[in-house]
Amino acid sequence: AQLAALGMCSYQTGFRMFNASRVKKGDKVLVSGASGGVGTALIQMCNIVGASVYALSSKDKEQELLDLGAKKVIDRGDISTLKQRILEATNGENIDAVMDLVGGEYTNIFIDTMIVDMKKRDDYPRLSIAGASSFNITEILWSKIYLYQVEIHGVSHGTRNEAKQLMKWIREGKLKPILHKTFKLSNLHEAEEYFVSRGKGYLGKIVIVPDEKWQEHGQKYSKVEK
């Protein structure tokens with residue numbers, strides 16, 4: 001079940017975002033949707049190369065994300081003050097790259113955190129997008145994109161070679177699939193409702209296990225420790 005938590009839409013998507021944005025040692029990386037499968041994968045990848053992760057999530061998941069390797073956790077609530085709170089977390093310095101899994105009106109704010117002082121940048125602002133959990137439509141001034149030379153990368157999955165690198169890191173213990181909870185296949189509707197609610201303590205992936213394999217592969221992961 002833990003191996004199944006790797007998934008195309010978590011580690012491979014995260015690694016493609018990571019590579020497209022050229023994340024490197026010393027970078028300050030903002031990850032939205034940080035408690036999900038892609039977000040938890042990105043936190044670990046950034047730690048491998050020595051980049052600092054600023055995780056956007058809810059406050060009830062702060063300690064889990066810090067334990068996973070986030071430098072700071074920023075509450076996603078109150079969007080009107082979000083830019084200010086992100087920059088407070090970085091002591092006013094530019095975010096180098098954003099891994100956006102939220103979209104909507106958040107994206108414009110994320111771009112603004114990368115262009116605070118372009119004279120202090122040593123690389124272009126990089127935005128990788130692999131989700132729109134907030135909204136599919138974002139209004140952005142194109143003049144902001146070309147004047148500040150913002151790179152935008154759309155991502156849905158990775159390459160075979162990237163998958164090989166991921167497996168190498170997993171075998172070496174550098175990456176750990178984050179499994180939150182398992183459900184029986186016969187309880188699929190319950191699993192969907194649980195996923196949609198994604199309440200307190202939710203971190204990582206949900207895995208569906210066939211009923212005939214439940215005792216062997218699923219039961220011990222069915223309870224979530226608080």
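Helices and strands here are DSSP runs, numbered from the N terminus, with at least four residues for a helix and at least two for a strand. I keep to those labels in the entries below.

**Entry: the model as a whole**

I note at the outset that this is a predicted model. I counted the secondary structure elements and found nine helices and eight strands in the chain. I then looked at the radius of gyration, which is 18 Å, close to the 17 Å that the globule rule gives for 226 residues, so the chain is as compact as a globular protein of that length. The C-alpha trace spans about 60 × 35 × 30 Å along its principal axes.

I looked up burial next: 46% of the 226 residues count as buried. The chain exposes about 12,000 Å², and carbon and sulfur atoms supply 51% of that area. For contacts between residues at least 6 apart in sequence, I noted that 73% join residues at least 24 apart. I also compared the charges, 32 positive and 27 negative, and their mean positions are 5 Å apart.

**Entry: the nonpolar cores**

Which residues touch the most other members of the largest nonpolar core? I found Tyr11, Ile43, Met45, Leu65 and Met99, in a core of 32 residues. I then listed elements that each supply at least two residues of this core, and they include helix H1 (7–20), strand E1 (28–31), helix H3 (62–68) and helix H7 (160–171). Strand E2 (52–57) and strand E4 (97–100) are also among them. The largest share, six residues, comes from H2, which runs over 37–49. Another core lies apart from this one and has 19 residues, including Leu30, Leu56, Met114 and Ile115.

I took Leu65 as a member to follow. Leaving aside neighbours within four places in sequence, Leu65 is in contact with Ala34, Ser35, Ile43, Ala55, Ser57, Ala70, Val73 and Leu203.

**Entry: Ser57**

From the contacts of Leu65 I went on to Ser57. Ser57 lies in strand E2. Is Ser57 buried or exposed? Its relative accessible area is 1%, so I log Ser57 as buried. Neighbours within four places in sequence aside, the contacts of Ser57 are Ser35, Leu65, Ile74, Asp75 and Arg76.

**Entry: Gly204**

I looked up Gly204 in the loop between helix H8 (188–197) and strand E8 (205–209). With a relative accessibility of 2%, Gly204 counts as buried. Not counting residues up to four places away in sequence, Gly204 touches Ser35, Gly36, Gly37, Thr40, Ile178 and His180. Ser35 also appears in the contact list of Ser57. I checked one distance: the C-alpha atoms of Gly204 and Ser186 are separated by 22 Å, with these positions 18 residues apart along the chain.

**Entry: positive phi**

I looked for backbone angles out of the ordinary. Most residues other than glycine have a negative phi. Asn91 is not a glycine, yet its phi is positive, about 60°. Where does Asn91 lie? I found Asn91 in the loop between helix H4 (82–89) and E4. Asn91 has 67% relative accessibility and the cut-off for exposed is over 50%, so Asn91 counts as exposed.

Gln149 also has a positive phi, near 55°, and is a residue other than glycine. Gln149 sits in the loop between helix H6 (142–147) and strand E6 (151–154). At 44% relative accessibility, Gln149 counts as partly exposed.

**Entry: His153**

I followed strand E6 onward to His153, which is found in that strand. His153 has 21% relative accessibility, and buried means under 20%, so His153 counts as partly exposed. Which residues is His153 in contact with, leaving aside its neighbours within four places in sequence? I found Ala20, Ser21, Leu127, Ser128 and Ile129. His153 and Ala89 are 64 residues apart along the chain, and their C-alpha atoms are separated by 25 Å.

**Entry: Lys83**

My last look-up was Lys83, which lies in helix H4. With 35% relative accessibility, Lys83 counts as partly exposed. Not counting residues up to four places away in sequence, Lys83 touches Ile109, Asp112 and Thr113. I also took the C-alpha separation of Lys83 and Lys164: it is 37 Å, for residues 81 apart along the chain.

Methods. Residues are numbered from 1 along each chain as its sequence is written. This is a predicted model: local features need pLDDT of at least 70, side-chain atom pairs count only at pLDDT 80 or more; totals for chains, interfaces and linings use all residues. Side-chain values use heavy atoms; hydrogens and water are left out. A nonpolar core is a set of buried Ala, Val, Leu, Ile, Met, Phe, Trp, Tyr and Cys residues joined through side-chain atoms within 4.5 Å. Buried means under 20% relative accessible area, exposed over 50%, partly exposed in between (1.4 Å probe, protein chains only). Contact means heavy atoms within 4.5 Å. The radius of gyration is taken over C-alpha atoms; the globule rule is 2.2 Å times the number of residues to the power 0.38. Accessible areas come from the Shrake-Rupley method with a 1.4 Å probe; for residues, only the protein chains shown count as cover. Lys and Arg count as positive and Asp and Glu as negative; His and the chain ends are not counted. The place of a charge is taken as NZ of Lys, CZ of Arg, CG of Asp or CD of Glu.
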